[in-house]
Amino acid sequence: MIILLGSLVILLVLGIPIAYSLGLSALAYFLIEQPALLGILPQRLFAGINNYALISLPLFILMGLVMNSGGITARLLDLSMFFVGRMKGGLGLVNVVGSMIFGGISGSSASDTASIGSVLIPEMKRRGYPVNVAAGITVASSTMGMIIPPSVPMVIYAIVAQESVGQMFLGGVIPGIMIGFFQLFIVWWIAKQRNYPTESVPFTVAETVRQVRRSAIVAIMPALIVGSVVFGVATPTETAGMAVAYGIIIGFFIVGFGTIKEELPGAMRSAIITSAKIMMIIAFSQLYIWVLALERIPDQLAAYVVGMDLGPTSLMLVIAVVILLAGTFIDVSPAILLLTPVLLPAAASVGVSGVQFGVVLVSGLAVGACTPPVGNCLNVCAAIARIGIGQIFLGAAPFLLANVLVLFLICIFPQLVLWVPSLIF
């Protein structure tokens with residue numbers, strides 16, 4: 001374990017990408033401890049990604065990119081503006097509501113940050129919001145993209161932990177909505193204290209009908225995706241493929257923003273690059289996880305936890321703190337792949353549901369996506385707002401308190417996660 005963990009830390013400090021760091025540290029272990037098993041490593045790499053369920057990942061990623069390229073974001077922001085724009089700090093509230101809706105479509109916090117931030121951050125600056133506050137709201141609200149279904153990290157966790165994708169989607173519904181409402185309250189309260197502007201938005205029956213008609217076909221997409229998985233209409237992979245087709249039809253033929261020839265190739269190229277990065281991490285992480293299994297680390301940790309005589313709530317609170325710290329230094333996908341095989345057996349040993357553990361894991365890592373030095377959403381937002389990630393984090397900190405509060409609540413009250421899946425299943 002000294003070889004395994006020590007080499008991984010050294011490689012990460014040297015700036016080696018996480019996929020190669022995982023692979024090289026596992027290789028160092030086998031060269032020193034188990035040279036007879038070197039011939040099996042290529043087979044283990046291939047086996048790590050030879051999983052039919054993984055086909056859904058690039059399709060879900062492409063779905064979010066297609067929806068963004070097709071002009072869906074602007075239509076959803078118009079709908080959000082109609083409902084909350086006239087309140088104090090209207091654009092900030094629009095940012096949060098837009099993320100709640102778009103996060104349920106894209107399934108990716110980074111996509112949420114890029115699409116909504118590119119539209120709202122310049123407008124919020126023009127309306128008198130400090131740039132770090134505008135960027136901070138964008139980054140903090142984008143975390144809901146990982147939690148509100150559909151969610152790419154939830155799919156990754158479900159594959160690693162062998163949990164139901166449908167139950168994981170449903171488990172994130174209440175926590176994601178809670179984060180959204182808590183963030184709305186914080187934005188409104190700060191806007192009231194700092195006298196941020198309201199927006200002039202007409203509120204009539206005719207305008208209500210118009211907004212609902214032009215946005216309903218987009219807003220129902222999360223329900224269609226989750227419903228088809230939960231009720232067994234289609235597998236997650238089939239659902240992701242249908243969602244891509246749905247996004248192309250809505251974005252390019254109904255909304256009519258851009259053309260397939262102009263926008264679709266770029267979206268597909270980005271989806272391929274992003275998917276390749278995730279698949280490389282998954283492949284190399286399998287070697288690392290195999291070493292952990294050979295050394296019986298998960299079993300030893302589970303036995304140690306049982307010996308500590310911690311209850312489920314106490315253990316989950318400790319795990320939540322570990323996840324928050326790990327998310328600061330490791331990106332979401334590799335963190336799920338590394339922490340699940342180690343921590344899940346320990347949680348299961350005291351009776352914690354795999355669904356609750358998964359939602360806690362993803363919710364905690366969502367905060368890590370917004371904290372330096374690794375935070376992926378911070379880096380995306382920094383490119384849009386053109387300020388440092390440190391300034392963005394300071395602007396996001398008050399709103400991330402909502403995430404931390406909900407994280408501890410779902411550790412203490414597991415039914416916040418488990419009630420909806422138990423109701424449906």
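**An all-helix chain and its H19–H20 pair**

In this predicted model, the chain has 23 helices and zero strands. Its radius of gyration is 22 Å, close to the 22 Å that the globule rule gives for 425 residues, so the chain is as compact as a globular protein of that length. Laid out along the principal axes, the C-alpha atoms fill a box of roughly 70 × 45 × 45 Å.

What about inside versus outside? Of the 425 residues, 54% count as buried. The accessible surface adds up to about 17600 Å², and carbon and sulfur atoms account for 69% of that. As for how the chain folds back on itself, take the contacts between residues at least 6 apart in sequence: 80% of these join residues at least 24 apart.

Now for one helix pair. Two packed helices are described by the angle between their axes and the distance between the axes. Helix H19 covers residues 332-349 and helix H20 covers residues 354-368. Their axes come within 10 Å and cross at roughly 145°, and the crossing is right-handed. On the H19 side, the contact is made by Val-332, Ala-335, Ile-336, Leu-339, Thr-340, Leu-343, Leu-344 and Ala-347. H20 puts in Gly-354, Phe-357, Leu-361, Val-362 and Leu-365. Sorted by type, the residues of this contact come out as 11 nonpolar, two polar and no charged.

Notes
Residues numbered from 1 in each chain as written. Predicted model: local features only at pLDDT ≥ 70, side-chain atom pairs only at ≥ 80, totals over all residues. Heavy atoms only, no water. Axes fitted to C-alpha atoms, helices over the stretch in contact; angles between N-to-C directions. Helix = DSSP H or I, 4+ residues; strand = E, 2+ residues; numbered from the N terminus. Left-handed = near helix turned anticlockwise from the far one by under 90°. Contact = heavy atoms within 4.5 Å. Nonpolar A, V, L, I, M, F, W, Y, C, P; charged D, E, K, R; others polar. Rg over C-alpha atoms; globule rule 2.2 N^0.38 Å. Buried < 20%, exposed > 50% of the residue type's maximum accessible area, 1.4 Å probe, protein only. Areas by Shrake-Rupley, 256 points an atom, 1.4 Å probe, with all protein chains shown as cover.
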